[in-house]
There are 2 protein chains.
Amino acid sequence: MLRKERLQLILKEVNVHNKVLSAELSEKLSVSEDTIRRDLHELAEEGVIVKVHGGAMSKTFHYPFDGNSKVYAVSAKQKIADKAIGLMKNDMSILIEGGTTIMEIVKKIPLKLRANFFTLSPQTAIALSDHENIEVMCIGGRLAKNGNLFTGASVINQLAGIRIDLCIIGVNGLSSKEGLTDSDWEVVQVIKAMMRSAKKTAVVTIAEKLNTVKKIKISDLDSIHYLITELPPGSSSLSAYKGGQLVKM
Amino acid sequence: MLRKERLQLILKEVNVHNKVLSAELSEKLSVSEDTIRRDLHELAEEGVIVKVHGGAMSKTFHYPFDGNSKVYAVSAKQKIADKAIGLMKNDMSILIEGGTTIMEIVKKIPLKLRANFFTLSPQTAIALSDHENIEVMCIGGRLAKNGNLFTGASVINQLAGIRIDLCIIGVNGLSSKEGLTDSDWEVVQVIKAMMRSAKKTAVVTIAEKLNTVKKIKISDLDSIHYLITELPPGSSSLSAYKGGQLVKM
DNA sequence: GGTTTTTTTGCATGAAATTGCATATTTTAG
DNA sequence: CTAAAATATGCAATTTCATGCAAAAAAACC
């Protein structure tokens, strides 16, 4: 087979399926994975596809989720993500919202986890879609201007009708005296509804947001069951917290 | 055999099989590979074939990488997108699904357009979120495995409750006899519901999908109001279509 | 026909392209 | 963190290509 011919087939495959795996192409086209990698690299240089680890994606459907998260917070968010994933068990129904910390968690979810995910964010929905064993249900609604959370009465209503095992939220304000707080009224309503639908609520946040207070109250710390930060155990200044299980790192 | 004669045969071979290998031609025509190479080089200089490493390819088959054809492919999508955007007016409620062609349209929507967008795709929701004057409503549901369309009864129910001015869909099959068709039953149900909710339906599709038929029928062409392809007016083989307004380029 | 001129062809040579493998490095999954 | 997967890189074997050149074939000329 001509090399150009192979490049054409690969491009077509990418555009039809939106993504390709190097290993699959290698077998289908009977060439080594090295050759496939070189092909994908060339197509990417031409700008007609986007090379990613393990294969390639079509240009129109590739979204750079990374790059906007601040560097200093990355390792912290990795630690948080690991701990949050520890809470996920097979056959759970799990509700997550959007935000950079949540995205870090989603990206690390093991491929073999079998669960139902409900999400309020288009980014997390997309990120979850390549997990074979995960069914993704998206609670639609009005998209907030930051583009990563559906809000509004529609969302509240839909949340009222579902029963969730674990709900994972990221918050902007958290203190032992004021509890969970946020600055956006719409977001607060949605988070309240999320917590009402869930048996257990986990709050993930980087340590720098501890002991900050925003304008609008979401709930007391009593209502949350897991608090996950990157801090080592015992170092939290939230020791006054007496509610459910306190998970720290 | 005369050289001119051989050139004719080679050209025919290229156009029939879309590709030729120098080695094969050498054996078939009983001349050295050097001679074949010189022949291919000459035909390529005349512009009737494209020379590639190891042989040659037909001009039409080689479209993605050639500089000129690439420009053509881009302008085709831009023409489609421009025409589709021409249908959008301020204060409309517009319903769009997912897919590569739809994404091209979304990317070109002017920032100043003031409208309500309903979408069934997380990708288009994100792409729309940076438009200041656009309110994005996402119809949530179960995310299809390809990751670019919400499906399921939830979606159908929600669609039944909204009233849309313009609905823009991309289809996989379109012919004057069979109408709109697709290969996925779930997707078909969703598209039907979309059309029921909308006053006007626009179908966008690249020309190569014209006159293709998939397994499951969506609707007759009578039910659609706009058909947008990159073809110049009058060149469509769907001239039998007598339904609503037919928009071509 | 015979000779000259032009074109075509095959071959040799070195350059360039392609491919697969081995190895070291990076990224990812658990 | 550790193991596994994917990647980048250098290298060698093979194939394809471009070029020059001489022989062969075709065309042009007398």
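In this predicted model, helix α1 (residues 3-17) of chain A and helix α3 (residues 33-46) of chain A have axes that come within 10 Å and cross at roughly 70°, and α1(A) and α3(A) are therefore roughly perpendicular to each other (65 to 115 degrees counts as roughly perpendicular). Axes are lines fitted to C-alpha atoms, for helices over the stretch in contact, with angles from 0 to 180 degrees between N-to-C directions; helices are DSSP runs of H or I with at least four residues, and strands are E runs of at least two.

R6(A), L7(A), I10(A) and L11(A) of α1(A) meet D39(A), E42(A) and L43(A) of α3(A), where contact requires C-beta atoms, placed from the backbone, within 7 Å.

Chain A is assigned domain 1 (3-58) and domain 2 (71-228), bounds that come from an automatic or database assignment; their centres, taken over C-alpha atoms, are separated by 35 Å.

Around DNA strand D there are 15 residues, of which S22(A), H53(A), G54(A), S22(B) and G54(B) come nearest; a residue is near a strand if its C-beta atom, placed from the backbone, lies within 6 Å of it. The contact between the chains takes 32 residues from chain B and 32 residues from chain A, and the elements that give two or more residues to chain B's side include β3 (55-58) and α5 (100-108) of chain B.

| Residue set | Nonpolar | Polar | Charged |
|---|---|---|---|
| Contact of α1(A) with α3(A) | 4 residues | no residues | 3 residues |
| Surface near DNA strand D | 2 residues | 9 residues | 4 residues |
| Side of chain B that touches chain A | 14 residues | 12 residues | 6 residues |

Ala, Val, Leu, Ile, Met, Phe, Trp, Tyr, Cys and Pro count as nonpolar, Asp, Glu, Lys and Arg as charged, and the others, Gly among them, as polar.

Residues are numbered from 1 along each chain as its sequence is written, while chains are lettered from A and ligands numbered from 1 in the order in which they are written. Because the model is predicted, local features need pLDDT of at least 70 and side-chain atom pairs count only at pLDDT 80 or more, whereas totals for chains, interfaces and linings use all residues.

Key: Parallel < 35°, antiparallel > 145°, perpendicular 65-115°, else oblique. Contact = placed C-beta atoms within 7 Å.
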